[in-house]
Amino acid sequence: MGTLYLVRHGQASFGADDYDQLSELGHRQSVRLGEYFAHQGLHFDGLIAGTLRRHKQTLAGILQGMNKAGDHLAWEGLNEYDSEAVIAAVHPEPLRKPDTPEMYRHHFRLLRDGLAQWMSGTVSPRGMPSYQDFVAGVAGALDHVRANHYGQKVLIVTSGGPISTAVGHVLGTSPETTIELNLRIRNTAVTEFAFTPKRHMLVSFNCLPHLDAPDLRGWITYA
């Protein structure tokens, strides 16, 4: 069998003008994950990442921590949905940037509602593909791994939406379950699949072995 590791990007800049940029902590999370992979003696036969800046920065941090270099395959189908467009589809009025616990909770309540309506086809967020096409982009990456990397180890760096979609696609979960998986994925968390040329099998989900030490618990983030 092969092994596929899907990693969510490091902490980005939630609430800032440009979310698609790792924070300083996000960079440290990424490097620490690379150090963990190196300590485990992991070697990746294939590197794949979404095309967003936070994906590429996270992969660069991982490779830095592993003291490795390598080219990766850029895969647009692994890019995250546009959360602002999703929320705007169900809440057209402008939202103030979240700066209090209640504003953060309100943001994610709207996001959950918008995702549910997008997945059911009730709304079409501006500039975004249909949910079926979004799933197809993620499934295409899984198909590529099975077809080209049987018996190898592959690393994918992407976002919470594609990772939860991959898990939901493999396990056949409901849209509601996929949303809940999405909103629980932590920054630089590792999800592992075993795979054959015919299928993927979930081994672990949303793990942070590289942040297991007590002095690193403050590095665990969600956004």
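This note goes through the sheet and one helix of a predicted model.

1. Basis. The model is predicted: local features need pLDDT of at least 70, side-chain atom pairs count only at pLDDT 80 or more, and totals for chains, interfaces and linings use all residues. Residues are numbered from 1 along each chain as its sequence is written, and side-chain values use heavy atoms, with hydrogens and water left out.

2. The sheet. An open sheet is formed by 6 strands (DSSP runs of E, at least two residues, numbered from the N terminus). Their order is β3-β2-β4-β1-β5-β6, with mixed pairing; to pair, two strands need at least two bridges found by DSSP. β3 (73-74) and β6 (200-207) are the edge strands, each pairing on one side only.

3. One strand pair. β1 (residues 2-8) runs parallel to β4 (residues 153-158), and 6 bridges join the two. Arg8 has Thr158 of β4 as its bridge partner.

4. Helix α7. Helices are DSSP runs of H or I with at least four residues. In α7 (residues 175-182), the buried residues (under 20% relative accessible area, 1.4 Å probe, protein chains only) are Thr178, Ile179, Leu181 and Asn182. They lie on the same side of α7 because they cover an arc of only 160° around the axis, taken from the directions from the helix axis to the C-beta atoms. These buried residues pack against α4 (101-120), α5 (131-148), α6 (160-171) and β6; contact means heavy atoms within 4.5 Å.

5. α4 against α7. The two axes, lines fitted to C-alpha atoms over the stretch in contact, come within 10 Å and cross at roughly 140°. α4 is therefore oblique to α7, as the angle is not under 35, over 145 or 65 to 115 degrees. Arg112, Leu115, Ala116 and Met119 of α4 meet Pro175, Thr178, Ile179, Glu180 and Asn182 of α7.

How values were computed:
Buried means under 20% relative accessible area, exposed over 50%, partly exposed in between (1.4 Å probe, protein chains only). Axes are lines fitted to C-alpha atoms, for helices over the stretch in contact, and angles run from 0 to 180 degrees between N-to-C directions.
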